[in-house]
Amino acid sequence: MKKELSLQTRREFLRGTVLGSALTWTLPAFLANTLSALQTEAAEKATRVVTGKDGTILVVLQMAGGNDGLNTVVPFADDHYHRARPKLGLPEAKILKLSDNVGLHPSLAGMKDLYDAGQLAVIQGVGYPNPNRSHFRSTEIWQTASDANAVESYGWLGRYFDNACAGCDPTVGVSIGGQMPQAFSARLPKSVCLQNPQNYRFMPPKRGGPEAEAEAEESFRKLNLIDSEMAENSGGSIAAIQGTVQHEGSALDFLERTALDAQMSSDEIRTIASRAENQAEYPVSQLGNSLKLVAKLIGGGLPTRVFYVSQGGYDTHANQTNTHQRLLKDLGDSMQAFVKDLNAQANLPRVLVMTFSEFGRRVAENASGGTDHGAAAPMFVVGNKIKAGLFGQYPSLAPNDLFQGDVRYNLDFRSVYATILESWLKTPSAPILGRKFPLLELV
Amino acid sequence: MLRNLAAGRWNFETAAHLLNRAGFGGPPAEIERLAGLGLEKAVAHFVEYESIPDTSENPEWAQPDPDRAEKLRSARSAPEQERREMLRAYQQTERQHMVELRRWWLQRMASGPRPLQEKMVLFWHGHFATSMEKVRDAYLMWRQNDLFRRLATGDWQQLLVAVAKDPAMLIWLDQAQSRKEHPNENFAREVMELFALGIGHYTEKDVTEAARALTGWSYSRPTQEFIERPFWHDRGQKVIFGHEGNFNGEDFLELLVARPQAARFITAKLWKFFAGAGPSDELVTSLAAEFRNADNNFKPLLRSIFSSEEFYSPNVIRNQVKSPVQWLVGSVRLLERNLPPPMVCVGLTRNLGQDLFAPPNVKGWDGGLSWITTSTLLARYNEAATLVLGDLAPMAGALGYRPNARPNLERRLQNARIGGADPERLFTEAERASTDTLVPALERRFLHAKLKPQQEKGLRDYLDQQTELTDDIVLNAVRLIKATPDYQVT
């Protein structure tokens with residue numbers, strides 16, 4: 001009985017919020033499973049979308065490959081830095097100074113402007129105990145917020161969706177690009193991936209005239225178990241739906257769920273993306289384009305709480321100077337354009353951007369004009385509701401303080417996550433991160 | 001040991017499964033031919049491919065450039081403006097060759113005589129994932145691809161050594177620049193973590209010591225060849241995996257392959273690629289034992305896998321998400337149509353998240369369920385229209401943003417023409433006669449399985465609404481069945 005109630009609620013929710021038409025629903029097997037797992041109470045809440053026009057929004061920006069923290073936030077006053085980096089070290093005169101000791105890479109002029117405007121927090125020396133130097137393992141640790149010696153299957157944002165957004169629409173998490181980040185992986189998966197809004201829909205075949213087109217679209221929906229007017233199946237009992245399950249967690253179940261999420265989000269995203277115009281010039285780059293799209297979706301009012309964008313190329317083992325310069329310029333300029341755009345929309349107060357990279361790089365440069373995998377590094381947090389300035393302590397570069405050539409972290413990245421969850425997304429962090437972490441005075 | 005498949009279970013369904021996994025699928029007639037051969041001969045048809053002549057030609061530019069050293073010299077001495085011009089021209093040629101290279105390889109998969117060999121090349125490309133984005137030399141990318149083909153099912157250590165000395169790999173993981181003064185750890189780490197052992201089966205000390213052993217293995221730009229640079233090599237004692245010696249690169253790779261974990265790691269990955277589901281510990285133990293018994297050769301192991309009960313178990317069949325390449329090549333084979341023009345092939349696969357020769361990172365494509373997101377699933381549904389109906393609209397913006405903006409390629413994509421499939425090749429008159437005959441024929445060809453009743457009804461309703469099953473309507477139905485969750489698994 002309870003199950004049917006929640007089914008009903010979910011069905012009404014889907015119908016009311018997304019498709020807005022009087023469809024009857026035959027739920028695919030995975031949804032029936034999902035619903036039996038949901039508390040009735042949570043399903044009731046599902047009829048209200050968690051975020052409206054006024055909710056706060058988190059944008060996560062991944063700097064993939066392991067960003068060289070030392071040459072991003074530069075400890076220019078430290079002799080150890082210049083000794084360890086005879087070729088790659090940046091001369092003090094070019095540094096964009098934030099204090100008497102540290103400053104930004106010369107290409108981060110965009111970030112420096114944000115800093116001066118009180119819109120940038122620089123969190124120094126962020127890492128975790130027993131750092132791992134594998135890209136993949138360390139990325140996994142950051143994405144799942146696990147301890148270095150534990151494996152956690154769901155992402156920290158996925159657990160946030162599970163805990164705080166039960167029943168809300170799949171656009172609660174939007175990843176720009178084709179791939180779903182592990183951070184979004186959840187017990188009850190939500191969130192969509194999006195590259196190009198124009199193509200984000202099923203295009204009915206153009207053959208056989210307009211009537212065949214409409215009929216094909218209807219057939220498509222049935223083939224994808226999206227809705228159904230079929231008398232013998234509509235309102236079918238849960239037992240019958242479960243009867244079609246081949247075995248738990250099959251590839252087909254997963255595909256059916258994704259098909260439903262795609263269809264549910266498709267109309268909404270295309271309408272919303274066409275509603276807002278960008279009001280800033282972005283760099284012509286993958287990151288620039290991604291943030292441009294995020295700004296449009298925010299401006300158009302998509303009820304998203306977390307956007308995820310990524311910038312790759314930071315694995316600078318060789319000939320680092322030019323590559324790093326180009327990447328950081330793209331980062332700073334894209335960020336600056338994004339802030340300007342959101343400001344013009346009057347949405348900046350709702351948005352907080354957080355950057356991260358899986359690790360920093362070795363203190364000493366290598367013989368190929370590059371740097372190898374390292375440990376702790378700085379993070380950036382951008383917004384106009386944050387406390388700007390320098391947070392945390394810059395790690396010591398004195399050879400005796402290093403561990404296997406790497407700096408030691410001063411601040412656990414999960415403190416940053418906890419702060420964002422508690423102070424920005426207004427949700428208790430311990431159920432999501434597994435325990436309490438000290439909070440920063442960031443927001 | 002793996003159990004042999006019971007003779008009674010060799011039928012249309014199991015033969016289709018073998019064709020899908022050991023190759024790239026195919027139309028019903030081909031499945032029936034395999035079913036008729038019996039299991040042993042069918043498996044031999046794939047595994048013993050050396051006996052099948054392969055006369056396909058290599059791209060004409062796939063050879064070292066004899067004038068390269070001279071070109072590099074004159075470029076260095078040319079004035080700035082001219083040098084830039086030369087660089088631009090060079091990059092444009094490389095990009096063009098890369099587009100051709102993708103099409104060349106896809107064509108081998110789609111219609112070459114040795115499907116398993118190409119499937120193994122695809123496996124090795126995903127395993128030793130090297131990207132042209134850094135290598136920037138089409139000839140070197142072709143050469144690595146050719147290396148995978150030559151050693152596709154041979155000896156593991158021989159392959160590892162050849163890959164370690166492969167120019168594209170030397171560039172990709174910076175081994176080319178590693179010198180004894182400060183060894184570059186990139187290749188040393190990834191060969192243990194990703195290529196041969198897996199994380200947790202080596203120490204950080206092993207990484208730095210192996211990096212020392214590998215110093216001196218380098219790449220010569222003028223000749224486009226591997227080169228050993230004795231002055232860069234660290235001749236000191238090293239301790240790797242607890243063994244001490246004055247090791248060089250070959251010694252290190254020999255120690256690596258001898259690790260008990262090495263056999264488990266690579267055989268488990270191979271199982272996952274061909275069977276899909278992660279193998280149990282017990283199964284990995286059997287696979288590793290077979291591999292060791294065959295002196296670390298892959299061919300006998302593949303024969304065992306394809307003949308085993310486990311490979312044909314119900315949780316393996318039709319429970320693997322098709323990779324974008326499998327999706328494209330398989331679709332072309334099922335539709336009995338030609339492969340689209342080069343730019344369209346690049347656009348199609350890139351849209352779906354698998355750009356050949358440009359894997360996202362050295363770990364390769366994650367594969368499995370991660371091929372599917374809302375974005376890529378809708379792209380598959382729409383690209384079905386490209387292949388079935390010749391509709392290029394889903395290709396708009398397919399090239400996305402690339403670092404060196406390529407308006408040229410985008411324009412060529414827009415100008416491409418591609419026909420649709422031919423319904424007469426797909427169905428007999430009798431099959432096309434009515435909904436009742438067409439629906440089972442669609443299921444048999446495209447799914448080798450039946451749709452759920454409510455889905456099937458959706459398809460029937462569509463066909464029943466039409467006054468006549470014209471070519472257009474039949475093709476629309478084909479496109480619809482390809483735009484289902486069910487078509488995305490194999």
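What percentage of the 443 residues of chain A count as buried? The share is 56%. The structure on display is a predicted model, and the tour below proceeds from each chain to the interface and then to individual elements and residues.

**Chain A as a whole**

Select chain A and colour by secondary structure: 14 helices and twelve strands appear. If contacts in chain A are restricted to residues at least 6 apart in sequence, 74% of them join residues at least 24 apart.

Next, select A:Gly89, in the loop that runs between helix H4 (79–84) and strand E3 (96–97) of chain A. A:Gly89 counts as partly exposed because 16 C-beta neighbours lie inside 10 Å; the range for that class runs between the limits of 12 or fewer for exposed and 20 or more for buried. Apart from neighbours within four places in sequence, A:Gly89 is in contact with A:Tyr81 and A:His82. For a view across the chain, draw a distance from A:Gly89 to A:Ser266: these residues are 177 apart along the chain, and their C-alpha atoms are separated by 48 Å.

**The interface between chains A and B**

Display both chains and select the residues in contact. The selection should hold 61 residues of chain A and 64 residues of chain B. On the chain A side, the elements that give two or more residues are helix H6 (135–144), strand E7 (192–194), helix H8 (209–223), helix H10 (251–275) and helix H11 (286–300). H10(A) provides the largest share of that side, with eleven residues. Coloured by class, the side of chain A that touches chain B shows 24 nonpolar, 27 polar and ten charged residues.

Now isolate H8(A) together with helix H24 (residues 453–464) of chain B. Two packed helices are described by the angle between their axes and the distance between the axes. For this pair the angle is about 170° and the axes are 8 Å apart. H8(A) and H24(B) are therefore roughly antiparallel to each other, a description applied to angles over 145 degrees.

Show the side chains of the contact. H8(A) contributes A:Glu215, A:Ala216, A:Ser219, A:Lys222 and A:Leu223. H24(B) contributes B:Gln454, B:Gln455, B:Lys457, B:Gly458, B:Leu459, B:Asp461 and B:Tyr462. By class, the residues of this contact divide into four nonpolar, four polar and four charged.

**Chain B as a whole**

Hide chain A and centre on chain B, whose secondary structure comes to 25 helices and four strands. The C-alpha atoms of chain B fill a box of roughly 80 × 60 × 40 Å along the principal axes. The radius of gyration of chain B is 24 Å, which agrees with the value near 23 Å for a compact globule of 490 residues. Of those 490 residues, 50% count as buried. Among contacts in chain B between residues at least 6 apart in sequence, 72% join residues at least 24 apart.

**Domains of chain B**

Colour chain B by its domain assignment: domain 1 (7–47 + 260–312), domain 2 (68–258), domain 3 (324–415) and domain 4 (423–488). Then keep domains 2 and 3 of chain B, whose C-alpha centres lie 27 Å apart. Their contact takes 22 residues from domain 2 and 17 residues from domain 3. On the domain 2 side, helix H5 (80–111), helix H6 (115–127), helix H7 (132–135) and helix H11 (186–196) of chain B each supply at least two residues. H5(B) gives the most, with eleven residues. That side of domain 2 has 13 nonpolar, four polar and five charged residues.

**A buried helix segment in chain B**

Select helix H16 (residues 298–306) of chain B, in which B:Phe298, B:Leu301, B:Leu302, B:Ser304, B:Ile305 and B:Phe306 are buried. To see what covers these residues, add helix H1 (12–22), helix H3 (39–47), helix H14 (260–275) and helix H15 (281–293) of chain B, which are included in the cover.

**Two backbone stops**

Most residues other than glycine have a negative phi, and most peptide bonds are trans. Which residue in the loop between H7 and helix H8 (138–150) of chain B should be selected here? The residue is B:Arg136, with a positive phi near 55°. B:Arg136 is partly exposed, since 16 other C-beta atoms lie within 10 Å.

Finally, select B:Phe241, in the loop between strand E3 (238–240) and strand E4 (243–245) of chain B. Its phi is also positive, at about 50°. B:Phe241 is partly exposed, with 18 other C-beta atoms within 10 Å.

Note on methods. Residues are numbered from 1 along each chain as its sequence is written. Chains are lettered from A and ligands numbered from 1 in the order in which they are written. This is a predicted model: local features need pLDDT of at least 70, side-chain atom pairs count only at pLDDT 80 or more; totals for chains, interfaces and linings use all residues. Two residues are in contact if their C-beta atoms, placed from the backbone, lie within 7 Å. Ala, Val, Leu, Ile, Met, Phe, Trp, Tyr, Cys and Pro count as nonpolar, Asp, Glu, Lys and Arg as charged, and the others, Gly among them, as polar. Axes are lines fitted to C-alpha atoms, for helices over the stretch in contact, and angles run from 0 to 180 degrees between N-to-C directions. Angles under 35 degrees count as roughly parallel, over 145 as roughly antiparallel, 65 to 115 as roughly perpendicular and the rest as oblique. Domain bounds come from an automatic or database domain assignment. The radius of gyration is taken over C-alpha atoms; the globule rule is 2.2 Å times the number of residues to the power 0.38.
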